[in-house]
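Biologist: I am new to this structure. Please take me closely through one part of it, the place where two copies of a chain meet.

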4 protein chains.
Amino acid sequence: MTDDPILEDLRKRIAASPFHSGFGLSVEDASAGTVRLGWRAGPEHLNLQGLVHGGVLATLADVAMGLSVRTSIEPGRRHVTIELGMHYLRPAGPGDIEVVGRVIRVGSQIGYAEADVLQGKRLLARGSGTYSVTADRSGSG
Amino acid sequence: MTDDPILEDLRKRIAASPFHSGFGLSVEDASAGTVRLGWRAGPEHLNLQGLVHGGVLATLADVAMGLSVRTSIEPGRRHVTIELGMHYLRPAGPGDIEVVGRVIRVGSQIGYAEADVLQGKRLLARGSGTYSVTADRSGSG
Amino acid sequence: MTDDPILEDLRKRIAASPFHSGFGLSVEDASAGTVRLGWRAGPEHLNLQGLVHGGVLATLADVAMGLSVRTSIEPGRRHVTIELGMHYLRPAGPGDIEVVGRVIRVGSQIGYAEADVLQGKRLLARGSGTYSVTADRSGSG
Amino acid sequence: MTDDPILEDLRKRIAASPFHSGFGLSVEDASAGTVRLGWRAGPEHLNLQGLVHGGVLATLADVAMGLSVRTSIEPGRRHVTIELGMHYLRPAGPGDIEVVGRVIRVGSQIGYAEADVLQGKRLLARGSGTYSVTADRSGSG
């Protein structure tokens with residue numbers, strides 16, 4: 001598919017996780033510190049008002065931010081979400097959604113990242129997340 | 001099912017929303033200002049580490065908090081999530097999860113609620129949410 | 001002043017910090033996991049609208065939460081705020097303000113606490129904070 | 001001092017507020033949607049560890065974000081902080097601190113802004129804030 005080792009690694013992780021693969025997201029692009037995801041909102045993701053549920057956008061933002069932290073730490077380490085914040089700016093309708101996660105800082109124990117959730121040029125939501133970065137003792141990371 | 005008009009109203013809303021009904025959550029209990037949801041994490045909700053994804057817990061917290069705001073406003077009004085925050089305290093494994101949403105304050109335009117996400121007695125996460133409460137012009141509420 | 005070693009320790013810390021002593025807050029009560037602060041808003045703390053600035057309430061909440069984490073960790077360890085969140089519910093006028101900080105969970109590296117900011121019985125704001133808890137290498141705590 | 005009406009307006013507001021003028025901050029620059037503040041941390045702002053207290057940085061971020069919202073709304077309207085979030089990335093020592101607030105979106109009732117807190121080129125903290133934007137009935141706004 002790709003010769004890029006970062007992109008390849010993230011795609012393998014997504015494919016190996018039952019939740020992520022079932023959710024239907026794709027890793028469109030990745031480099032050190034930044035990850036871009038694609039996802040398509042269908043009729044089954046809409047609430048009573050015909051809008052994509054905010055929890056779905058939170059999920060996408062958390063995945064994009066977590067993977068962006070992933071690109072910034074050594075392979076043998078593990079990242080876990082400590083705290084997640086979302087600000088919803090505009091309603092999201094059905095169709096393609098793009099999410100860009102960006103690392104702001106990764107230290108020895110804590111990482112901080114932010115995310116944009118977009119539909120075309122419209123900024124739907126901004127996310128922020130704090131991640132604990134630890135040695136992966138179990139090897140299952 | 002029930003004679004309780006608050007509980008009945010919330011269950012109808014959940015059933016009428018494609019997203020909520022597909023997500024598989026149930027409204028276990030509801031009173032003015034408080035809503036308790038039940039949900040079951042299966043193998044398909046687990047990530048690479050065998051844990052429930054934080055985005056799923058954020059979705060459950062947002063639904064519980066939004067419905068708790070719902071119980072505190074007039075039927076003709078509409079609530080929309082402006083901001084959502086999650087603090088993850090303990091890892092969530094497969095099995096039954098309970099989420100309790102509680103209104104802290106609802107004003108004429110803004111509501112604020114909090115949530116506990118539990119597995120048995122273990123507090124998995126705490127959520128907080130700010131909601132815009134507006135007149136429902138469309139009638140689709 | 002007091003025979004309570006927790007209360008005594010927190011009061012010494014406040015007195016030894018130029019910022020905290022200048023800010024004029026007092027530790028009214030403390031036990032393992034909970035700290036209650038008192039503070040008085042004077043004319044100099046009011047903004048153009050005659051209200052206490054939200055940054056002052058954030059400061060009080062952060063101090064109360066940080067000290068509540070302090071009561072739950074070993075003396076030789078250090079706590080640093082990673083993330084702070086405030087929800088403002090009602091306007092704060094001049095007069096006495098009380099802030100209660102409560103630990104929700106302290107792990108080996110991360111602590112999470114919440115705070116109530118009160119004026120009499122009125123809940124003015126709710127705070128939440130994530131703290132990094134580390135070994136104090138410098139001895140300056 | 002300046003011919004810029006936005007900058008002039010913000011400086012007048014700061015000067016007229018007991019809290020803001022006592023805090024010692026200055027409005028260095030302002031345009032539609034962005035405000036840059038300057039502030040100097042002295043010995044009296046340091047905690048036991050010799051670092052600037054996070055509540056002070058939260059105050060600066062809230063002021064910068066609130067003023068950036070101010071530049072984006074009509075003069076007769078009023079902004080009030082509903083929710084404030086801070087992520088602390090690096091410790092702040094004594095000396096000059098710069099804070100840039102930026103509006104991300106202002107709607108008819110709600111505004112959302114973000115802030116960078118800097119010491120030279122070092123990003124100390126990131127802030128986010130939600131503001132209620134209402135008609136100023138009292139004329140005191």
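Modeller: What follows looks at chain C and its neighbours. This is a predicted model, where local features need pLDDT of at least 70, side-chain atom pairs count only at pLDDT 80 or more, and totals for chains, interfaces and linings use all residues. Residues are numbered from 1 along each chain as its sequence is written, and chains are lettered from A and ligands numbered from 1 in the order in which they are written.

Start with the symmetry. Chain C superposes on chain D after a rotation of 180° with 0.0 Å of shift along the axis, at an RMSD of 0.0 Å (least squares on the C-alpha atoms of residues with pLDDT of at least 70 in both). The two copies are therefore related as by a two-fold rotation axis. Both copies use the same surface: 100% of the contact residues of chain C recur in chain D (contact means C-beta atoms, placed from the backbone, within 7 Å). In chain C, C:Gly85 comes closest to the axis, with its C-alpha at 2.2 Å.

Now the helices (DSSP runs of H or I, at least four residues, numbered from the N terminus). Helix α3 of chain C and helix α3 of chain D each span residues 54–70. Their axes come within 8 Å and cross at roughly 155° (lines fitted to C-alpha atoms over the stretch in contact, with angles from 0 to 180 degrees between N-to-C directions). So α3(C) is roughly antiparallel to α3(D) (an angle over 145 degrees). Among the residues that meet are C:Gly54, C:Val56 and C:Asp62 from α3(C), and D:Gly54, D:Val56 and D:Asp62 from α3(D).

Chain C also touches chain A. Six residues of chain C are in contact with six of chain A.

Key. Contact = placed C-beta atoms within 7 Å. Helix = DSSP H or I, 4+ residues; strand = E, 2+ residues; numbered from the N terminus. Parallel < 35°, antiparallel > 145°, perpendicular 65-115°, else oblique.
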